[in-house]
Every structure is written in structure tokens, then in C-alpha cells.
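User: I should like to go through this structure with you, one question at a time. Please give the reasoning for each answer and close on the value or name requested.

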Amino acid sequence: MLFSMFLLLGLLMIIPSFGIGYLVNSLSRRWWASLPVYSLAAAALILLSGHHLSGILWFALIVAYSGGLLSNLTMWQLKRGNYKKFI
């Protein structure tokens, strides 16, 4: 039960983070542009919380960051002209 809850919650969180990363990468016309944005946002969140995040917040941070990484991989593959599945 707990695993399925985390799986569904992760899917719900990865979709908007992927979309935002894809939008940032598309608007800047760079395949790597959202990675520094996500890194700065994650670092700011960790520093502002004083390193006292609960387990679910760490999970949300990791899932959101992985959505940003997937958007970078998608744009990288599209820039190379490779439209096959890469996952």
C-alpha cells in the first residue's frame, strides 16, 4: 500500500517538473538549461529548511529533480535528431 502511494505520488510530481523543464529548455533553445535552475532551486530549498526535511519532502525533491533530468535527456535526444525511446 505504501509503495503504491509513493509510486502514484511520484508520477503526479514528475509530470509538472518534466513539463517545466521542457518549457525552460525549449524557450532557451538549450538542452541543458533547466538543470542549473533545478539545482539552484533544490539547493535553496535544502539550505532554507536548515537541512531538516522530512522523508516525504526528500522524496518530492528527488522526484522533481529526476523530472528535470528527464526533460534534459528528452531535449538532448531531440536536438540530436534521435526520436527513438531512450528510457
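User: Is tyrosine 22 buried, exposed or partly exposed?

Analyst: The model is a predicted one. The relative accessible area of tyrosine 22 is 31%. A residue is buried under 20% and exposed over 50%, so tyrosine 22 belongs to the class in between, partly exposed.

User: With which residue does tyrosine 22 form an aromatic pair, and how are the planes arranged?

Analyst: Tyrosine 22 lies in helix α1, which covers residues 2-28, and its partner lies in that helix as well, 4 residues apart, or about one turn of the helix. The ring centres are 6.2 Å apart and the planes make an angle of 20°. Planes under 30 degrees apart count as stacked, so the pair is stacked, and the partner is phenylalanine 18.

User: What is the relative accessibility of phenylalanine 18, the partner of tyrosine 22?

Analyst: Phenylalanine 18 counts as partly exposed, and that class lies between the limits of 20% and 50%. The value for phenylalanine 18 is 28%.

User: The count of aromatic pairs comes to 2. Which residues form the pair that is tilted?

Analyst: In this pair the ring centres are 6.0 Å apart, with 40° between the planes. Stacked pairs have planes under 30 degrees apart and edge-to-face pairs over 60, so an angle of 40° makes the pair tilted. The two residues are tryptophan 31 and tryptophan 76.

User: How many residues separate tryptophan 31 from tryptophan 76, and where does each lie?

Analyst: Tryptophan 31 is in the loop between α1 and α2, whereas tryptophan 76 is in helix α3, residues 55-80. The pair thus links distant parts of the chain, and the separation is 45 residues.

User: What are the relative accessible areas of tryptophan 31 and tryptophan 76?

Analyst: Both fall between the limits of 20% and 50%, so each counts as partly exposed. Tryptophan 31 has 38%, and tryptophan 76 has 33%.

User: Which residue lies over the face of tryptophan 76?

Analyst: The criterion for a charge over a ring includes a distance within 6 Å of the ring centre. Here the distance from the ring centre of tryptophan 76 is 4.9 Å, and the residue is arginine 80.

User: Where does arginine 29 lie, and what is notable about its phi?

Analyst: Arginine 29 is placed in the loop between α1 and α2, and it is exposed, with a relative accessible area of 64%. Most residues other than glycine have a negative phi. In arginine 29, by contrast, phi is positive, near 60°.

User: Is glycine 10 buried or exposed, and which residues does it touch?

Analyst: Glycine 10 lies in helix α1 and counts as buried, because its relative accessibility of 10% is under 20%. Its C-alpha atom is 6.1 Å from that of valine 63, although the two are 53 residues apart in sequence. Leaving out residues up to four places away in sequence, glycine 10 touches Phe59 and Val63.

User: Which residues are in contact with glycine 67, beyond its neighbours within four places in sequence?

Analyst: Glycine 67 is found in helix α3 and is buried, at 0% relative accessibility. Beyond those neighbours, the residues in contact with glycine 67 are Ile14, Ser17 and Phe18.

User: Which residues form a nonpolar patch on the surface?

Analyst: One member is leucine 8, found in helix α1; at 54% relative accessibility it counts as exposed. Together the members of the patch have about 460 Å² of accessible area, and they are Phe3, Leu7, Leu8 and Leu11.

User: How far is leucine 47 from tryptophan 76 in space?

Analyst: Leucine 47 lies in helix α2 and is exposed, with a relative accessible area of 61%. It stands 29 residues from tryptophan 76 along the chain, and their C-alpha atoms are separated by 30 Å.

User: For the chain as a whole, what share of the 87 residues is buried?

Analyst: The chain has 3 helices and 0 strands, and its C-alpha atoms fill a box of roughly 40 × 30 × 15 Å along the principal axes. Its accessible surface comes to about 6,300 Å², with 77% belonging to carbon and sulfur atoms. The buried share of the 87 residues is 23%.

Conventions:
Residues are numbered from 1 along each chain as its sequence is written. This is a predicted model: local features need pLDDT of at least 70, side-chain atom pairs count only at pLDDT 80 or more; totals for chains, interfaces and linings use all residues. Side-chain values use heavy atoms; hydrogens and water are left out. Helices (H or I, at least four residues) and strands (E, at least two) are DSSP runs, numbered from the N terminus. Buried means under 20% relative accessible area, exposed over 50%, partly exposed in between (1.4 Å probe, protein chains only). Accessible areas come from the Shrake-Rupley method with a 1.4 Å probe; for residues, only the protein chains shown count as cover. Rings of Phe, Tyr and Trp (its six-membered ring) pair if their centres lie within 6.5 Å; planes under 30 degrees apart count as stacked, over 60 as edge-to-face and the rest as tilted. A charge sits over a ring if NZ of Lys or CZ of Arg is within 6 Å of the ring centre and within 35 degrees of the ring normal. Contact means heavy atoms within 4.5 Å. Patches are made of residues with over 30% relative accessible area and no salt bridge: like charges are joined within 9 Å, nonpolar side chains (Val, Leu, Ile, Met, Phe, Trp, Tyr) within 5 Å. A salt bridge is a side-chain nitrogen of Lys or Arg within 4 Å of a carboxyl oxygen of Asp or Glu.
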